[in-house]
Amino acid sequence: MNLIKNNYGELIYESTLDNGMNVYIVHKPEFVSSYAMIATPFGAFDLEQVDASGVHYHFQPGSAHFLEHKLFEDENRDVLSMFADMGASANAGTSYESTSYYFSHSGSIEKPLSLLLDFVQSLSISDASVEKEKGIIIQELSMYDQMPDFRLYMETLKSIYHNHPLKYDIGGSAQSVRDTTREELECAYSLNYHPANMILVVVTQEDPAAVLSFIEQNQLSKTFPADPKIKRVLQDEPATVVRKDYTFTMRAETEKYFIGYKLPAYTGDDLERLRIESMLFFILESNFSTLNPQYQDWLDQGIISDYFSYEINYGKDQAMLLFANEGNNSDALAQLIESILAHPVVDEDKLEQLKRRYMGSTIRMFTNYDRYAQQLIQSRFKGTQLFELIEGIHSIRIEELEEAKKEFVLTNRTITKVKISN
Amino acid sequence: MNKIQLNQNVVLFTEPTTRFKETTLVLRYMFPLKAKESTVAALLANMMQDRSEVYPTKQAMDYASDMLYGLTLSARTTSIGKTQMIELRSRCINGGYVQEALLEQQIQFLSDCGERVLMSEDTLNEAKKTLRSALLRDREKPVRLALKQAMQAGYSTQPIAISANGELDEIDQVSLSQIKAFHAFLLDGSRIEVSLVGDFDQSSVVDSLKRSFHFYDREILLDFAYQAEKSGPRDLSVQENLSQSTLVKFISTSIAPTKKIFTALRLANCMFGEIPSSILFQEVREKRSLCYSIFSTLLSYDGLMVVVTSVDDANIELTDTLVDDLLQQFKQSADADLLQSAKETLLVRYQTIDDDAYSIIDYQLRNNCLGLTETPQDMMDQINACGIEDIRQAIQYLQFSFNFMLRTKEIAE
């Protein structure tokens, strides 16, 4: 078990078990709250995978999310209730890049941790239970579908991507849910839930060595097949967008829109890619947030509203830049954005200001166990380590920001709008 | 927490501790909840987190908070039964990380936001736009829309029908002079609570607060908990262009949060609809796949419990009847195993209060509002002492009060 060096006084230990599972134990001796999260990199992106033998597997959109729902089922009763009986609060979530299962508790961590490991490491489903779950998931999709913010975001992704799985809702569609079979879920499970593919984070007051020993004993009592060494198959994605302009109507109170730019993906080193993503975000903050004195003018003139926001997503196989706003002046805002990003301002003072802000945010993360665990896991899934990434961001220099400006290639643009149909 | 009376109706609560990496400072102004005035309060809360006389631009506000390593600031308004509260929350990292004395600056910053708000026609107009947008966006969320419509339709003469976030049709009527007058009232006439959790020296903090804030004695009497009484018919159904229908069922509890039996009511609510093993979750979602989300929650200060779910419109009446039946069955037989699960759940909540600064502060607020001095350990003792008979006694008080359906338009036509 290795103590991870860091500048924040965090006691965090890392270990790799014999079966390949990576384990982080965060020691919080002064707190009674405990937390654990186990995750697999199997998410909504994984519509096509390939194993070590070169065999390809295809999954319905929403399979990772469907599987997340089904893992909570035990032969006798549902797992969430079993956690509740212990006083632990459990949940799970599927993103595009991973699926996580977690609980929070106080007191001895052994029982809920044992339950977490046991239920995630076994799948027991029937055709009938899969059919039953379809109704619940379809209700969940309906719930999101009637929210304009959510619909607009999904339509924007559909406007951008021809083939990339980002064009699908994480939960899939009502049709893809109906088409999902028990066999497909079992296949997805066997390929993606091997311990060597998974990361466990435990935040606890208890002695880390004792907790690790407990985890090891739990794992030694189980046998696992060989690791299929499954990998995501990256889709070929053209540089162009699918729809340059798209408008749809639904029940909404205000008109809104997204301006999206499809950027060239960065295929180099993972840590560098994440650093560049942060650099691009710093540039956006410097130019499009309240750090820019013109922001107030834009608000006063109605060019932007309080809804205005932006997002940069800099993946291995895709990259996009999104701006959201309320109103019907998308062309004018697009012009403004493009004129600014043709020559964005970067300066040393703003960089230092943003680094101070980031430092505060980082320190706050260490008391938010959910965010802490997610960051540990996601940085690892993205090919780096959390503290390496934190220091990498702190080390950003002004010269690098100047260089990063070139990544704003805005030739492939889409504008997606929602209009009111009440 | 330690209580220090700074002035009449101005109180400081502190929890000195080295456990947290940051200092949490919360400022609360409390006053009676009144229609129309709630919109003024909501606008003022908006303005408080926007700009101050000391930092008259957003850029200056950003700079000040970033020099405090990304100090976070948020202002919100909420209701606690018959009382409304404007709350400013701030968090700043512990100065020890950077060898700088940050707390005094944090106190001054919060004081600037609360006391030296930049009140001008420009900032008011911006606050109006922001509030209007926020209220419109709330209407886009079917559950929030249904809850608000239900409260206003079913309890129109009661505090619960007054939204602490204001009303769309009142925004334009608010003038700058009203804002200024209300702000003056907050500083001079509202009840003020300041809460501080983190690593600090108690006596120097008191001095710092007295230097930064202008606190005076003030006379104010506040009421909190009451029993909401329904006005009008028992059922109401409205239509919107939505793909799911939302059911909101209000149940009168007739149990004040100061009563001893309230703990049993809390456990009963947990058993009925708060945890995954609860009756509603198991019967409506898991067994019948009628919904993705269903829950019950206590509106403790209003004497109500509310059940909320969204379902296909074809199933809404079935779901409504099912919930009625489930409550009747619960009244006839409460399960001891389910009670044990509910106890474990609530016990953990109280055990972990001290692990989070906002939880510590919010727990103190609950005691302040109810005039109680119960510690989390006292609450845990009450929970442990609660038996199945106590649950049965509590749930006999539960009576359906008002039924509201927000239905999909096509089917209703």
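Me: Is B:Asn9 buried or exposed?

Reply: Happy to start there, and please keep in mind that this is a predicted model. B:Asn9 sits in the loop that joins β1 and β2 of chain B. Its relative accessible area is 17%, and a residue under 20% counts as buried. So the word for B:Asn9 is buried.

Me: What is the phi of B:Asn9?

Reply: A bit of background helps here. Most residues other than glycine have a negative phi. B:Asn9 is not a glycine, yet its phi is positive, with a value near 65°.

Me: Where is B:Lys36, and is it buried or exposed?

Reply: B:Lys36 is another non-glycine residue with a positive phi, about 70°. You will find B:Lys36 in the loop between β3 (22-32) and α1 (37-48) of chain B. Its relative accessibility is 52%, and the class for values over 50% is exposed. B:Lys36 therefore counts as exposed.

Me: Which side of chain B's helix α8 is buried, and what does that side pack against?

Reply: Helix α8 of chain B covers residues 202-212, and its buried residues are B:Val205, B:Val206, B:Ser208, B:Leu209 and B:Ser212. They lie on the same side of α8(B), because they cover an arc of only 165° around the axis. The partners of these buried residues, also in chain B, are β1 (2-7), β2 (10-16), α3 (103-115) and β6 (191-198).

Me: Which residues does B:Thr408 touch?

Reply: First, its place: B:Thr408 belongs to strand β11 (residues 399-408) of chain B. With a relative accessibility of 3%, B:Thr408 counts as buried. Leaving out residues up to four places away in sequence, B:Thr408 touches B:Gln239, B:Glu240, B:Leu242, B:Ser243, B:Gln244, B:Ser245 and B:Asp313.

Me: What does B:Ser254 touch?

Reply: Let us place B:Ser254 in the loop between β8 (245-252) and α9 (262-273) of chain B. B:Ser254 is partly exposed, at 43% relative accessible area. Setting aside residues up to four places away in sequence, B:Ser254 touches B:Gln227, B:Gly303 and B:Tyr397.

Me: How many Å apart are B:Ser254 and B:Ala101 in space?

Reply: In sequence, B:Ser254 and B:Ala101 are 153 residues apart. In space, going from C-alpha to C-alpha, the separation of B:Ser254 and B:Ala101 is 50 Å.

Me: What area is buried between chain A and chain B?

Reply: Counting residues is a good way in: 56 residues of chain A are in contact with 57 residues of chain B. The size of an interface is often given as the accessible area lost when the parts come together. Carbon and sulfur atoms give 49% of the area buried between these two chains, and that area is about 5200 Å².

Me: How many salt bridges does the rule find across the interface of chain A and chain B?

Reply: One pair to look at is B:Glu140 with A:Lys256, which form a salt bridge whose closest N and O atoms are 2.8 Å apart. Across the interface of chain A and chain B, the number of salt bridges found by the rule is 10.

Me: Which element gives the most to the side of chain A that touches chain B?

Reply: Across this interface the rule also finds 34 residue pairs in polar contact. Several elements of chain A each supply at least two residues to the side touching chain B, among them α2 (79-85), β8 (99-106) and α12 (348-365). By class, that side has 19 nonpolar, 18 polar and 19 charged residues. The element that gives the most, with 8 residues, is α4(A).

Notes:
Residues are numbered from 1 along each chain as its sequence is written. Chains are lettered from A and ligands numbered from 1 in the order in which they are written. This is a predicted model: local features need pLDDT of at least 70, side-chain atom pairs count only at pLDDT 80 or more; totals for chains, interfaces and linings use all residues. Side-chain values use heavy atoms; hydrogens and water are left out. Contact means heavy atoms within 4.5 Å. Buried area is the accessible area (1.4 Å probe) that two parts lose on being put together, summed over both. A salt bridge is a side-chain nitrogen of Lys or Arg within 4 Å of a carboxyl oxygen of Asp or Glu. A polar contact is a pair of N or O atoms within 3.5 Å; within protein, one must be able to donate a hydrogen and the other to accept it, and residues adjacent in sequence count only if both atoms are side-chain atoms. Helices (H or I, at least four residues) and strands (E, at least two) are DSSP runs, numbered from the N terminus. Ala, Val, Leu, Ile, Met, Phe, Trp, Tyr, Cys and Pro count as nonpolar, Asp, Glu, Lys and Arg as charged, and the others, Gly among them, as polar. Buried means under 20% relative accessible area, exposed over 50%, partly exposed in between (1.4 Å probe, protein chains only). The arc is that of the directions from the helix axis to the C-beta atoms.
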